[in-house]
Amino acid sequence: MPLYEFACENCGAHKELFQQRMATEVEPPACPAASGDTEHRMRKVMSGFAHHLSFATKVAEAEANFGAEVDAAMGPEPDIGKFARKYEQASKELPPTES
Ligand SMILES: [Zn+2]
């Protein structure tokens, strides 16, 4: 689930674009700050998985912004969070380990 980031060459506004599949060329979105006849040019910037952001953080961010699209893109893949909660619950129901 590639996430593309664009920056406006004119005003510096940023916009992220979520794509369901890898595309070689991604059409830049309109600048969110452009108004009227002013021409704003959006340019793709290196985005993806910044060092200070974990994969989970990035996914959570993407979900917040593009929840429905992420769900659709995840398709048949299992919901990791759902499994994690299920296992956490299951572990609580286990009898305490003897020491
Ligand atoms: Zn702009």
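**A chat about the chain**

Q: Among contacts in the chain between residues at least 6 apart in sequence, what share join residues at least 24 apart?
A: In this predicted model, 45% of the contacts between residues at least 6 apart in sequence join residues that are at least 24 apart.

Q: OK, and what is the chain built from, how many helices and strands?
A: There are 2 helices and 3 strands in the chain, and reading along the sequence you meet them in the pattern β-β-β-α-α.

Q: In what order do the strands of the sheet stand?
A: The sheet is an open one of 3 strands, whose order is 2-1-3 and whose pairing is antiparallel. Strand 2, covering 14-18, and strand 3, covering 42-45, are at the edges with a single partner strand each, so one side of each has no neighbour in the sheet. Going from one strand to the next, the twist averages 35°.

Q: Let's stay with strand 1 and strand 2; over how many bridges do they pair?
A: Strand 1, which is residues 3-8, pairs with strand 2 over 5 bridges in the antiparallel sense. Two positions let you follow this in the structure: Tyr-4 stands opposite Leu-17 of strand 2, while Ala-7 stands opposite His-14 of strand 2.

Q: What do these two strands form, and what's in the turn?
A: Strand 1 and strand 2 form a hairpin, with 5 residues between them, and Gly-12 in the turn has a positive phi of about 85°.

Q: And how many bridges join strand 1 to strand 3?
A: Strand 1 and strand 3 are joined by 4 bridges and run antiparallel. As a place to look, Glu-5 stands opposite Val-45 in strand 3.

Q: Where do side chains point in a regular strand?
A: As a general rule, they alternate between the two faces of the sheet.

Q: Changing topic, where does Ala-30 lie?
A: Ala-30 lies in the loop that runs between strand 2 and strand 3.

Q: Is Ala-30 buried or exposed?
A: Ala-30 is exposed, because it has 11 other C-beta atoms within 10 Å, and a residue counts as exposed if that number is 12 or fewer. The C-alpha atom of Ala-30 is separated by 9.6 Å from that of Phe-6, a residue 24 residues apart from Ala-30 along the chain.

Q: What about Lys-58, where is that one found?
A: Lys-58 is found in helix 1, which covers residues 55-74. With 16 other C-beta atoms within 10 Å, Lys-58 is partly exposed. Its C-alpha atom is separated by 9.4 Å from that of Leu-3, although Lys-58 and Leu-3 are 55 residues apart along the chain.

Q: And Phe-66, how many other C-beta atoms are within 10 Å of it?
A: Phe-66, which lies in helix 1, has 19 other C-beta atoms within 10 Å and is therefore partly exposed, since a buried residue needs 20 or more. Phe-66 and Gln-19 are 10.0 Å apart in space, C-alpha to C-alpha, and 47 residues apart in sequence.

Q: So how much of the chain do buried residues make up?
A: Buried residues make up 4% of the chain, which has 99 residues.

Q: Last thing, where is confidence lowest and where is it highest?
A: The mean confidence is lowest in helix 1, at 70, and highest in strand 3, at 88. Over the chain the pLDDT averages 75, and 71% of the residues score at least 70. As a caution, predicted coordinates should not be read in detail where pLDDT is low.

Note on methods. Residues are numbered from 1 along each chain as its sequence is written. This is a predicted model: local features need pLDDT of at least 70, side-chain atom pairs count only at pLDDT 80 or more; totals for chains, interfaces and linings use all residues. Two strands pair if DSSP finds at least two bridges between them. Axes are lines fitted to C-alpha atoms, for helices over the stretch in contact, and angles run from 0 to 180 degrees between N-to-C directions. Two residues are in contact if their C-beta atoms, placed from the backbone, lie within 7 Å. pLDDT is the predictor's confidence in each residue, from 0 to 100.
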